Amino acid sequence: MSDQTLTSNPVDPVHAREQALLRPREGGARSGRRWLLPVVLTIVSLIWLFPLLLALVNSFRDYAYTAKNGYISWGGFTLDNYKNAWEQADFGLHFWNSAIITVPAVLLTLFLSSCVAFVVARFSWKLNVALLGFFMAANLLPPQALLIPVYRMFRAIEVPFWFSESGTLLNSFQGLILVNVAFQTGFCAFVLSNYMKALPKELYESAVIDGASVTRQFFQITLPLCRPALAALAVLQTTWVYNEFFWATVLLQQGDKFPVTSSLNNLRGQFFTDNNLVAAGSMIVAIPTLVIFFVLQRHFVAGLTLGATKG
């Protein structure tokens, strides 16, 4: 065999290495453990869902049957729990109260946090980080630590009677809206500022050359580009404000003004509590947040995956 034949098909070590890596492997420790992760995730999911599924099943069961046979049993199904829960808790009124509180609070929070995030992301000045930290401070303390100061402040602030029937911020929807906005603006501003910093600066440079003012840049450039992030935050804020229980119990003093989460207390008896009735009421309360999530699911997932990939 001549030297020309030996050198006609040279072996490229780099190419051979790539082919070896791409070749499927059979057996081995890693291939034998591929089933482990799905099994573990399935078990953890079932453990996490078990209390929710148990509450859902028992919400359709009679209390006398579960008291006799236990909650881990089958039978005694009825729809009376949902009817009784709706009438006893007066969910019609309290759903309306929750809407009065949640919708303005979410809209104000998103608008104010967008303004703060735009200033922090668009302009560079000495107090840039301090401003964002000031708005984040409300999220660093537990609400229980601010209970007494906030309560006394709201009791001392006098407002016109057309603004609040009590003459103060206590026992008013407006006061509860302000508390939710104050505690949620910092988190939303932090998320939006990080997203706005990733927007191309060339857009704003072109807008300045075209004579666009700062207000026009905010409303016509920044906000439309932040729609995925705003949609994701809207879902989270709606869930958090709607499910808020602590401040509603502290700041509202009339039962007819309580939001729907606080109205669940009406399902508790003086001497015993029908847990099946409470479970049915909890399922009713959870319906609006589930509807909002499934309606905005595509935008919510898109907002969560922003920046996950390049290009």
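## Overall picture

Of the 311 residues in the protein chain, 32% are buried. Keep in mind as you read that this is a predicted model. The secondary structure of the chain comes to 16 helices and zero strands. Take the contacts between residues at least 6 apart in sequence: 70% of them join residues at least 24 apart.

Helix α7, residues 91–122, turns up in several of the sections below, so it is a handy place to keep your viewer centred.

## Where α7 meets α12

Let's begin with a helix pair. Helix α12 spans residues 214–225, and its axis comes within 12 Å of the axis of α7, the two crossing at roughly 105 degrees. An angle of 65 to 115 degrees counts as roughly perpendicular, and therefore α7 is roughly perpendicular to α12.

Which residues of α7 and α12 meet? On the α7 side they are F111, S114, C115, F118 and R122, and on the α12 side V214, Q217, F218, F219, T222 and L223. Sorted by class, the residues of this contact are seven nonpolar, three polar and one charged.

## Two residues along α7

T109 is found in helix α7. Is T109 buried or exposed? With a relative accessible area of 0%, T109 is buried, because anything under 20% falls in that class. Apart from its neighbours within four places in sequence, T109 is in contact with N180, V181, Q184, T185, C188 and Q237.

A121 also lies in helix α7, but its setting is partly exposed, at 26% relative accessibility. Not counting residues up to four places away in sequence, A121 touches S193, M196 and K197. Y195 is worth a look here too: its C-alpha atom is 8.6 Å from that of A121, although 74 residues separate the pair along the chain.

## The cavity

How many cavities of 30 Å³ or more are there? The count comes to one. The volume of the largest cavity is about 40 Å³. Its lining is made up of S98, I101, T102, L176, V241, Y242, E244, A248 and P259. Two elements, α7 and α13 (227–242), each give two or more residues to that lining.

The largest share of the cavity lining comes from α7, with three residues. By class, the lining residues divide into six nonpolar, two polar and one charged.

## The pocket

The largest pocket holds about 370 Å³ of space. Its lining has 18 residues, and those nearest the centre of the pocket are A138, L178, V179, A182 and F183. Which elements give two or more residues to this lining? They are α8 (128–136), α9 (147–156) and α10 (173–197).

Among these, α10 supplies the largest share, six residues. As for chemistry, the pocket lining has 17 nonpolar residues, one polar residue and no charged residues.

## Loops worth a closer look

Two loop residues have a backbone feature to check. D90 is not a glycine, yet its phi is positive, at about 55 degrees. D90 sits in the loop between α6 (80–89) and α7, where it counts as partly exposed at 38% relative accessibility. N171 has a positive phi of about 55 degrees as well, and N171 is not a glycine either. The place of N171 is the loop between α9 and α10. N171 counts as buried, because its relative accessibility is 7% and the buried class covers values under 20%.

A third loop residue, S262, lies between α14 (246–251) and α15 (275–295). S262 is buried, with a relative accessible area of 3%. Setting aside neighbours within four places in sequence, the contacts of S262 are F245, A248 and T249. A248 is 14 residues from S262 in sequence, and their C-alpha atoms are 7.2 Å apart in space. A248 has already appeared in this report, as one of the residues lining the largest cavity.

Notes: Residues numbered from 1 in each chain as written. Predicted model: local features only at pLDDT ≥ 70, side-chain atom pairs only at ≥ 80, totals over all residues. Heavy atoms only, no water. 1 Å grid on protein atoms, 1.4 Å probe; cavity = no way out; pocket = protein on both sides within 12 Å on 5 of 7 lines; lining within 4 Å. Points joined across faces, edges and corners; volume = space filled by probe spheres on them. Helix = DSSP H or I, 4+ residues; strand = E, 2+ residues; numbered from the N terminus. Nonpolar A, V, L, I, M, F, W, Y, C, P; charged D, E, K, R; others polar. Axes fitted to C-alpha atoms, helices over the stretch in contact; angles between N-to-C directions. Parallel < 35°, antiparallel > 145°, perpendicular 65-115°, else oblique. Contact = heavy atoms within 4.5 Å. Buried < 20%, exposed > 50% of the residue type's maximum accessible area, 1.4 Å probe, protein only.
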